[in-house]
Amino acid sequence: MTHTVALVTAATEVAAAPATGAIALMPLVVAIPLTSAAILLLAGRRSDRWGHLLGVATPIAGFAIALAGLIDMLGHPADGRSFTAVLFTWIPDSPGGLAVEAAMRIDPLSLSFVLLVTFVGALIHIYSIAYMAHDADRRRFFAYLNLFVAAMCLLVLADSFAVLFVGWEGVGLASYLLIGFWNRRTQYAVAAKKAFIANRIGDVGLLVAMGLMVANFGTLDFAGVFAEAGEASTGLATAIGLALLLAACGKSAQFPLQSWLGDAMAGPTPVSALIHAATMVTAGVYLVVRSLPIYVQAPTARLVVVIVGAITLVFGAVVGAAKDDMKKVLAASTMSQIGYMMLAAGLGPVGAAFAIMHLLTHGFFKAGLFLGAGSVMHAMGDQVDARRFGALRRAMPITWVTFMAGWLAILGVPPFAGFWSKDRIIEAAFVGDGAAPWVFGTVALLGAGMTAFYMSRLFFMVFQGKARWTDDAHPHEPSPLMTGPMIVLAVGSVALGWVLSATGFTGWLAPVIGPADHGDPVLHVPVITVATLVLVAAGVALAWRMYAARPVPVLPPPGGRLVRAARADLYQDAVNNELLVKPGGAVVTAAAATDTYVVDGAVRGVAWLAVAVGRVVRLVQNGYVRSYAATMVAGVIVLVAVVLAWRV
Amino acid sequence: MTPYIVLSAVLFVIGATTVLVRRGAIVAFMGIELMLNAANLAFVAFARQNGDLNGQVIAFFVMVVAAAEVVVGLAIIVSLFRARRTVSVDDENLLRH
């Protein structure tokens, strides 16, 4: 491991050159969608007629710029592909010593992300034109989507944790606005709030990590922090690593902050495809991979990342296997696949490149699956219950084929995209000493089988078997504006894995995260691959037996204890409710009671005391002259008595 | 000497009791005059005993001031009676409200 430490540190110390040529245009990838979002939101109803066209144009422009940047970058030697573009000085050099430049870092890692975000984003924008055609607020929808693209690009292009945090919050805001896009329904508004709050908990982690960096390193720049991290103590690196992991857990819906993702499906389906499957939820993986130099110093933090990834992987798979709501199955599957990525990222240089590769292939096939789900919902009158579908392959052949491409890709069937990335993650999980590779490798392996089962279950329930439609359903293929993006993403699901492997994607990332250190798995590689494929085949066969060969009941059968638990998201909401919401509520109640009885009590008590004293003293002021005279006499008598007593 | 002081004290107590007990403004006023004259008596008696004229001078002052006070007090009582048809001090409570 020592030599990888040296390599990673060396890789990050490659001086970033000032951006030139097409790469210098990269800030526009953020600026263009941001301007468009501002125009669409400020122009209001005036822009209703052309708003969606402007909204679609910006991610396409962003993709064009990113593509030009890619071509430009490929012209540079591999160790000279890190560029910075300084925009302005955000925090000038102060006596405290903290200076922050608002700068962008354009390197192979951030460029890969920008390409993914703008390409998938552009496709989903196009899809949304048709999908949201009948929504009166379509312009507002596009404004939020543009805001998301801008924030996400800022997040990945940032050159310091401070700028990253701006993008981090921006995507959180866009996600909140889009989940609650149909906030006429209270339930959806509540889902948006839940996502926002869960994300805020994660943000605390990022803030703590930044605080630790400022206190100990005196800088927030990636270059500065990573150079200092090389000499930081293990304890400090572990603390920063765990705080960053908390942030990643919130954003990427990892255990224990995963509960919001299922509810986030309340948003329109294109949102689920773009934000809650392809891009935003993978920001946590990006954060961990970007901070790899810190994690290299902190084996404990890495182990925790791997454990969190493994738990979420299984968690998502179990939940996904029991849900009947098509979008929630896909959400659980997203959670599970991001678990794979976190696991790989936590393995360090052995797996980080494959985490990013899986992130890219997942971005394609999961977006494709979600768009397919949107197409099915569109055809079936917004029905999402998979038990009410069946036999849609004849009614919607294009959706069927594109969905099948995504399905085979997520299963990891060769030569589809998922095979190339997931198989390598499983291999990487088997690398190491002691019991850890056996545990994590087995979890990753079993996860592949479970993925095969629940995705096949969904696929068979929706497209195979007998029609179980409600009477008013008239399934039909959507317009070309929707099928087009689905076909493009399906092509990506088929080919992207092979293309990335053939073009040496890990070598492309090597200047940023160090060379992919192969290591030797504790099992032979062919054994792992065969075992994976056998488990996948078993999962598919089981799903076929249960959901295609046999008729699927329209009403869900009661199911065993595990099924019922999985339907209730393994009681994550109940656990959160007991552990967090109720104690929180108790604190609030106590605070309110303190306010009412102690603070208000003191104020009212003072007032009551004044009144009470007044009531007694008022009796003296009765307005009777004789009574005053009597008082005077009494006073004189007392005075005389005192004087006499004094004298005696 | 003692009889003068005892008489003065008795007169003063009678005057004070009158002020405390009686409701009529005129009678209460008389009680006040009685107390003043009780004090005058004490002044004069002590002046005589000590051979000092100061006490006698003060008695004259008190008489003058009491005469002025009677003029003002009676005027107030008369105007009160005109305004309110009563001279009971218990009914004079305008300032209380």
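What follows is a walk through a predicted model with two chains, A and B.

Let's start with chain B. Its secondary structure consists of 3 helices and 0 strands, and from the N terminus on the elements simply run α-α-α. The radius of gyration of chain B is 16 Å, well over the 13 Å that the globule rule gives for 97 residues, so chain B is more spread out than a compact globule. You can put that next to the box filled by its C-alpha atoms, which is roughly 50 × 25 × 20 Å along the principal axes.

How much of chain B is buried? Buried residues account for 27% of its 97 residues. As for how the chain touches itself, take the contacts between residues at least 6 apart in sequence: 55% of these join residues at least 24 apart. On the outside, chain B exposes about 6600 Å², with carbon and sulfur atoms supplying 72% of that area. Its charged side chains come to 7 positive and 6 negative, and the centres of the two sets sit 8 Å apart.

Now on to chain A. Here we have 648 residues, 54% of which count as buried. The secondary structure comes to 26 helices and 3 strands, and the C-alpha trace spans about 120 × 65 × 60 Å along its principal axes. Among contacts between residues at least 6 apart in sequence, 81% link residues at least 24 apart. The accessible surface of chain A is about 25800 Å², and 71% of it belongs to carbon and sulfur atoms. For charges, count 40 positive and 33 negative side chains, with 14 Å between the centres of the two sets.

The domain assignment of chain A gives domain 1, covering 351–566, and domain 2, covering 578–647. If you pull up both of them, you'll find their C-alpha centres 75 Å apart.

With the overall picture in place, a few spots in the backbone of chain A are worth a stop. Most residues other than glycine have a negative phi, and most peptide bonds are trans. Where does chain A have a cis peptide bond? One of them joins Phe255(A) and Pro256(A), with omega about 5 degrees. Pro256(A) is found in the loop between helix H9 (234–252) and helix H10 (259–263). Another cis peptide bond joins Pro414(A) and Pro415(A), where omega is about 5 degrees. Pro415(A) sits in the loop between helix H18 (397–411) and helix H19 (417–429).

For phi, head over to the loop between helix H24 (561–567) and helix H25 (572–618), which is where Leu570(A) lies. Leu570(A) isn't a glycine, yet its phi is positive, near 55 degrees. Tyr571(A) is in the loop between H24 and H25 too, and its phi is near 60 degrees, again a positive value in a residue other than glycine. Are these two residues buried or partly exposed? Leu570(A) has 26% relative accessibility, so it counts as partly exposed. Tyr571(A) comes in at 42%, which means that it counts as partly exposed as well.

Tyr571(A) also leads us to Arg564(A), a residue of helix H24. Leaving aside neighbours within four places in sequence, Arg564(A) is in contact with Tyr571(A), along with Pro558(A) and Gly559(A). Arg564(A) counts as partly exposed because its relative accessibility is 47%. There is a long-range pairing to look at here, too: Arg564(A) and Val319(A) are 245 residues apart in sequence, but their C-alpha atoms are 9.8 Å apart in space.

The last stop is Ser160(A), in the loop between helix H5 (138–157) and helix H6 (161–179). Is this loop residue buried or exposed? Its relative accessibility is 0%, so Ser160(A) counts as buried. And which residues does Ser160(A) touch, not counting those up to four places away in sequence? They are Val100(A) and Glu101(A), together with Leu220(A), Asp221(A) and Phe222(A).

Terms used. Residues are numbered from 1 along each chain as its sequence is written. Chains are lettered from A and ligands numbered from 1 in the order in which they are written. This is a predicted model: local features need pLDDT of at least 70, side-chain atom pairs count only at pLDDT 80 or more; totals for chains, interfaces and linings use all residues. Side-chain values use heavy atoms; hydrogens and water are left out. Helices (H or I, at least four residues) and strands (E, at least two) are DSSP runs, numbered from the N terminus. The radius of gyration is taken over C-alpha atoms; the globule rule is 2.2 Å times the number of residues to the power 0.38. Buried means under 20% relative accessible area, exposed over 50%, partly exposed in between (1.4 Å probe, protein chains only). Contact means heavy atoms within 4.5 Å. Accessible areas come from the Shrake-Rupley method with a 1.4 Å probe; for residues, only the protein chains shown count as cover. Lys and Arg count as positive and Asp and Glu as negative; His and the chain ends are not counted. The place of a charge is taken as NZ of Lys, CZ of Arg, CG of Asp or CD of Glu. Domain bounds come from an automatic or database domain assignment.
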